[in-house]
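The exercises below concern charged side chains and their surroundings in one protein chain. Work through each task before reading its solution.

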Amino acid sequence: MADVQLENARSDFARGDWAAAYATWSVADPDNLSAEELEDFAVAAELTGNHDETVAALQRAFRRSQEAADLGRSVRCAFRITMTAYVHGEGALARGWTARAESLVADVEDGVELGWVDFLRLFRALDAGDFATAGRCADGVTERGRRYGEPDLTALGLCSQGRMALYSGRIAEGLALLEEAMVQVIAGEVSPVVAGHVYCTAIEGCQEISDFGRVAEWTAALERWCAAQPGLLTFTGQCAVHRGQLLRLHGEWQEALEEFEHATRRYQEVHAPDAAGLAAYEAGEVLRLRGEYAEADAAYERAADRGFDPQPGLALLWSARGQGAAALAAVDRLLAETAGPVQRCRLLPAAIEVLLEAGEVDRARDVAAELDELAGHFGCVWLEAAAAHAYGTVELAAGDAAGALPYLRKAQQLWARAEAAYERSQARLLTGRALAGVGDTESSRRELEAARTLFRQIGSRPAADEADRLLAPSLPAGLTAREAEVLRLVASGRSNAQIAADLVLSEKTVARHLSNIFTKLDVRSRTAATAFAFEHGVV
């Protein structure tokens with residue numbers, strides 16, 4: 001390669017034009033590139049989604065550094081190969097290079113190289129579920145990064161310490177550590193690949209604890225960072241997922257689905273299909289709330305295929321489709337096996353919804369109390385809103401409409417602060433039900449109409465239909481809206497199996513509704529129930 005081309009590649013690299021730098025270096029004879037140029041070529045290749053070339057360049061740089069007895073560069077190359085292998089699901093390659101890095105420092109008593117190896121040991125400990133070892137490794141990474149003035153190592157260590165603190169319930173400490181790492185990244189003090197990892201790791205940590213304020217702030221910074229780098233592909237998929245999560249929160253569901261689809265395409269372009277599992281799950285959540293149940297089921301299946309657990313969204317889907325027994329069994333399992341405050345806060349709101357649908361009010365109240373305790377500990381508005389919402393829902397299910405109202409009013413206020421459009425409308429719908437329960441029918445009507453309007457705006461058909469039913473004239477004999485639906489189908493001559501198919505319920509559930517209808521109407525046959533339906537205008 002001519003010297004002028006090499007100089008152009010270095011210039012493109014220096015200004016962050018990864019595509020141009022990659023194009024120039026990729027046609028060069030690698031034997032003519034220095035170890036430093038090979039490392040930089042690997043950066044350009046990684047950021048433009050060329051994984052195989054990334055590994056090949058780093059392996060060449062590793063061999064050059066070994067020949068030159070350059071321990072620091074050797075360890076750094078081993079570190080980078082391991083990390084890109086982890087990202088692309090190449091576990092065997094990652095484990096092999098971790099072992100090689102450890103062998104390089106076997107006789108080293110101290111030095112910055114041990115910090116890079118400690119980070120690889122941290123990943124291995126996390127894979128094994130050994131959080132104590134992972135925590136000690138994170139501490140070592142940060143300590144050596146600071147002592148030896150290595151910004152990349154320091155930022156990675158701080159971010160790791162922050163996530164470990166969150167998982168152990170030390171929320172304030174964890175967030176402070178993430179903020180310190182993000183200061184370095186936003187100030188441009190770390191290398192591009194490490195910056196991308198820290199951005200995404202910190203945002204993901206905040207998303208897991210529903211701290212959407214930080215998610216929004218740091219996602220905006222990530223967007224600016226991505227936009228400033230021509231040809232960047234790596235990390236743009238994660239950026240799209242985080243944008244989609246915020247759009248979902250704000251009720252902009254179609255735009256959210258488009259972002260999740262965009263994220264999936266980007267993950268495919270950079271050959272990281274496993275990472276698309278989160279995007280598929282998030283799409284499933286939107287589709288479920290829109291009432292597109294078959295499409296949601298398919299999205300959850302795609303998430304599972306890519307290694308992402310589709311629960312608790314799948315349990316909520318089963319519950320919405322009338323598969324209450326399956327939903328309850330899944331929630332029972334999840335409550336028993338899910339440990340750690342971060343994991344629990346993701347599960348508990350869904351668990352409460354399923355438990356109440358199954359009529360297990362006392363258990364739901366216990367879970368709501370746990371959620372409230374976590375919300376107080378985390379200090380995130382979204383969780384505080386979810387806890388108030390849960391208490392209000394439980395009291396309403398227990399028949400205490402007056403007791404539910406203060407919680408639901410608080411939930412509305414907090415959901416508004418969190419800019420959570422769907423959740424705020426759900427709180428208004430529940431408030432309407434509670435107001436009807438205490439006899440304030442006009443206030444109830446206003447709440448229900450406001451909720452229905454927003455449900456229609458954001459595209460939540462099931463919730464809008466529920467508001468419609470609540471706004472409909474009262475039904476005779478204390479029939480619920482669902483029981484009236486069943487009775488209408490009975491009067492039309494449908495069998496239990498046909499009713500189950502029409503309403504997407506199990507036959508057992510239809511039989512239970514029919515038993516309740518007979519009791520309320522004081523009849524003993526379908527013929528008598530049909531006569532009642534015609535006499536009282538139910539059909």
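**Exercise 1.** Is Asp297 buried, partly exposed or exposed? Then identify its salt-bridge partner and locate both residues.

*Solution.* The model is predicted.
Step 1: the relative accessibility of Asp297 is 29%. Partly exposed covers the range between the 20% and 50% cut-offs, so Asp297 counts as partly exposed.
Step 2: Asp297 forms a salt bridge with Arg321, and their closest N and O atoms are 3.2 Å apart.
Step 3: Asp297 lies in helix H16 (residues 293–305), while Arg321 sits in the loop between helix H17 (313–320) and helix H18 (324–337). With their positions 24 residues apart in sequence, the pair links distant parts of the chain.

**Exercise 2.** Which helix holds both Glu7 and Arg10? Determine their side-chain pairing and exposure.

*Solution.*
Step 1: both residues belong to helix H1 (residues 3–14). They are 3 residues apart, about one turn of the helix.
Step 2: their side chains meet in a salt bridge, with an N to O distance of 3.3 Å. That value is within the 4 Å cut-off.
Step 3: Glu7 has a relative accessible area of 45% and is partly exposed. Arg10, at 36% relative accessibility, is also partly exposed.

**Exercise 3.** Which parts of the chain does the pair Arg365 and Glu395 tie together?

*Solution.*
Step 1: Arg365 and Glu395 form a salt bridge whose closest N and O atoms are 3.2 Å apart.
Step 2: Arg365 is in helix H20 (residues 361–378) and Glu395 is in helix H21 (residues 381–397), so the salt bridge ties together parts 30 residues apart in sequence.
Step 3: Arg365 is partly exposed at 27% relative accessibility, whereas Glu395 is buried at 14%.
Step 4: elsewhere, salt bridges with shared partners join Glu102, Asp110, Asp118, Arg121, Arg124, Glu143, Arg144 and Arg147 into one network. The count of salt bridges comes to 45.

**Exercise 4.** Where is Thr338 found, and what does Thr338 touch?

*Solution.*
Step 1: Thr338 is in the loop between H18 and helix H19 (341–357).
Step 2: its relative accessibility is 19%. The buried class lies under 20%, so Thr338 counts as buried.
Step 3: leaving aside residues up to four places away in sequence, Thr338 touches Gln343, Arg344 and Leu347.
Step 4: a polar atom of the Thr338 side chain lies 2.7 Å from the backbone oxygen of Leu334.

Conventions
Residues numbered from 1 in each chain as written. Predicted model: local features only at pLDDT ≥ 70, side-chain atom pairs only at ≥ 80, totals over all residues. Heavy atoms only, no water. Helix = DSSP H or I, 4+ residues; strand = E, 2+ residues; numbered from the N terminus. Buried < 20%, exposed > 50% of the residue type's maximum accessible area, 1.4 Å probe, protein only. Contact = heavy atoms within 4.5 Å. Polar contact = N/O pair within 3.5 Å; in protein donor to acceptor, adjacent residues only side chain to side chain.
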